[in-house]
Amino acid sequence: MFAIASLAALTTAAAVYWYINRHKPLKHILSELRYTLDMQGAGVGGLIDDWVNVRRNKVVLPDARKKIAVITGGARGIGTEVIRGLLKANMIVIMGIRKPEQSKKLVESMENGENLQAYELDLQSLKSVKTFAENVIKKYPEIHILVNNAGIMFGDYKLTEDGVETQLQVNHLSHFYLTHLLLPALKKGGSLEESSRIVNVTSCAHYPGKIYFDDINMKEHYDTTAAYAQSKLAQLMSARYINHLLSEEGCRVKSYAVHPGIVDTDLFEKTLFRQMFPWAMKLFFKTPEKGAISILHACFNKELGEKGGLYISNCIEGISNRFSKNTDHQKRLFELSCKLVDLNEEDFGKR
Ligand SMILES: NC(=O)c1ccc[n+]([C@@H]2O[C@H](COP(=O)([O-])OP(=O)(O)OC[C@H]3O[C@@H](n4cnc5c(N)ncnc54)[C@H](OP(=O)(O)O)[C@@H]3O)[C@@H](O)[C@H]2O)c1
């Protein structure tokens, strides 16, 4: 009886979904359905991972006095708590944000807040990324940690001033470009005792993703869920490939990708889930403070020192999708990203 009722409910839901989207080709409807279901699966998997591994979600902050950390975003959400940890570790922290005046309340309220500086950065503009990187390097020619944290999730189809789909540019491409521009300073910051670190804040939402190499802006068929998954997959693949390039070059810089957990932040503002069940987010999701722990672990954990290229979740190696591990796909994405930021591949990370 229960099976029949479930089947009837599923069939009705599928029929309603098809009716609403009947103007679209069937292959697009099926693709959207797949992404919706797979994304729910990735989210539930992420929540289970957070509950199962709650004990492992711990970090020991070192004394990193006089060392320099750069982070994108951070006036709210997980980034604020990463900044709190970096400051507690006595680092000088430079945050790249759209409205630098928003850092004032952090400077005033945080322990070691006097070590926090904010420069203007809008990840929707490669020009802004370049200006930000130049300003940082002028003052700090040596950098020890770069946290590519800022991000957006979902929204309507929109191209940036650089002609790139917005989620891809904010989450992946601008961070890729920033990493390139700051790499000379990161190389100077790395030493034999301790490599500098690049930490890309990706997501378990990369799991259903694929890279649309032949239509990177997804013009043919825009599905905002697929675009978020693509951008987060791109961050993970870049962390791996850049780590590979740096170790081939013999540089003392390592690169990691981190899923912070499923965290109660404004990132979910465009989701139906937040509108319908805000209480469930409070109840079941991590706080931003807990979400920051795996990122700080990737910044500081000594045992990770030689293990660049890892995908970390709850302070251990997480389960990542197969596509992300394929070096041919990684190389292809690297080449495409260089092309999109107008860079010769052999010049990546070099002045
Ligand atoms: N929350 C989760 O469950 C979760 C799960 C997996 C991964 N993540 C990842 O964690 C990271 C942090 O997310 P969050 O949860 O802390 O989200 P959030 O609270 O919405 O914070 C996002 C941050 O990104 C900044 N940002 C957005 N667009 C920007 C732009 N064009 N230029 C510069 N900064 C920009 C925001 O700055 P403004 O204040 O100026 O908007 C804000 O500081 C993201 O990369 C996200 O994908 C989050």
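**Exercise 1. The surroundings of Leu-182**

Leaving aside neighbours within four places in sequence, which residues is Leu-182 in contact with?

Solution. The model is a predicted one. Set aside the neighbours of Leu-182 within four places in sequence; the contacts are then Val-70, Ala-133, Val-136, Ile-143 and Leu-146. Next, place Leu-182 in its core. The largest nonpolar core has 87 residues. Leu-182 is among those with the most contacts inside this core, along with Val-93, Val-147 and Ile-295. Helix 7, residues 224-249, gives the most to the core: 12 residues.

**Exercise 2. The sheet**

Give the strand order of the sheet and name its edge strands.

Solution. Start with the order. The sheet is open, and its 8 strands run 3-2-1-4-5-6-7-8. The pairing is mixed. Now the edges. Strand 3 (116-120) and strand 8 (316-317) each pair on one side only.

**Exercise 3. Parallel pairs and their registers**

For three strand pairs, state the number of bridges and one pair of facing residues.

Solution. Recall the principle: strands of a sheet pair through backbone hydrogen bonds, either parallel or antiparallel.

- Strands 1 and 2: strand 2 covers residues 92-97 and pairs with strand 1 in the parallel sense over 5 bridges. Ala-69 has Val-93 of strand 2 as its bridge partner.
- Strands 4 and 5: strand 4 (residues 145-148) and strand 5 (residues 196-201) run parallel and are joined by 4 bridges. Ile-145 stands opposite Arg-197 of strand 5.
- Strands 5 and 6: these run parallel, with 6 bridges between them. Val-199 has Tyr-256 of strand 6 as its bridge partner.

**Exercise 4. Two covered strands**

Sort the residues of strand 1 and strand 6 by the side to which they point, and state their burial.

Solution. Take strand 1, residues 68-72, first. Of its 5 residues, 5 are buried. Ile-68, Val-70 and Thr-72 point one way; Ala-69 and Ile-71 point the other way.

Then strand 6, residues 253-259. Here 7 of the 7 residues are buried, so strand 6 is largely enclosed by the rest of the structure. One side carries Val-253, Ser-255, Ala-257 and His-259. The other carries Lys-254, Tyr-256 and Val-258. Both faces are covered.

**Exercise 5. Two helices**

Which residues of helix 2 and helix 3 are buried, and what covers them?

Solution. Check the length of helix 2 (residues 26-52) first. Its 27 residues should span 39 Å at 1.5 Å a residue, and its end C-alpha atoms are 39 Å apart, which agrees. Its buried residues are Tyr-35, Ala-42, Gly-46 and Asp-50. Now apply the helical repeat. An α-helix has 3.6 residues a turn, so residues three or four places apart point the same way. Helix 7 is included in what covers the buried residues of helix 2.

Turn to helix 3, residues 78-88. It is mostly covered, with 10 of its 11 residues buried. The buried set runs through Ile-78, Gly-79, Thr-80, Glu-81, Val-82, Ile-83, Arg-84, Gly-85, Leu-86 and Leu-87. The cover includes strands 1, 2, 3 and 4, together with helix 4 and helix 10 (288-300). Just after helix 3, Asn-90 takes a positive phi of about 70°.

**Exercise 6. Positive phi and burial**

Locate Asn-112 and Asn-314, give their phi, and classify each as buried or partly exposed.

Solution. Asn-112 lies in the loop between helix 4 (104-109) and strand 3. Its phi is near 60°, positive in a residue other than glycine. The cut-off for burial is 20 or more other C-beta atoms within 10 Å. Asn-112 has 16, so it is partly exposed.

Asn-314 lies in the loop between strand 7 (311-313) and strand 8. Its phi is near 50°. Asn-314 has 26 C-beta neighbours inside 10 Å, so it counts as buried.

Add Tyr-17 of helix 1 (residues 2-20). Tyr-17 has 14 other C-beta atoms within 10 Å, so it is partly exposed. Its C-alpha atom is separated by 8.9 Å from that of Leu-33, 16 residues apart along the chain.

**Exercise 7. The ligand shell**

How many residues surround the ligand, and how do they divide by class?

Solution. Count first: 29 residues surround the ligand. The closest are Gly-73, Gly-77, Ala-150, Gly-151 and Thr-265. Then divide: 14 are nonpolar, 11 polar and 4 charged.

Note on methods: Residues are numbered from 1 along each chain as its sequence is written. This is a predicted model: local features need pLDDT of at least 70, side-chain atom pairs count only at pLDDT 80 or more; totals for chains, interfaces and linings use all residues. A residue is near a molecule or strand if its C-beta atom, placed from the backbone, lies within 6 Å of it. Ala, Val, Leu, Ile, Met, Phe, Trp, Tyr, Cys and Pro count as nonpolar, Asp, Glu, Lys and Arg as charged, and the others, Gly among them, as polar. A nonpolar core is a set of buried Ala, Val, Leu, Ile, Met, Phe, Trp, Tyr and Cys residues joined through C-beta atoms within 7 Å. A residue is buried if 20 or more other C-beta atoms lie within 10 Å of its own, exposed if 12 or fewer, and partly exposed in between; C-beta atoms are placed from the backbone. Two residues are in contact if their C-beta atoms, placed from the backbone, lie within 7 Å. The expected span of a helix is 1.5 Å times one less than its number of residues. Two strands pair if DSSP finds at least two bridges between them.
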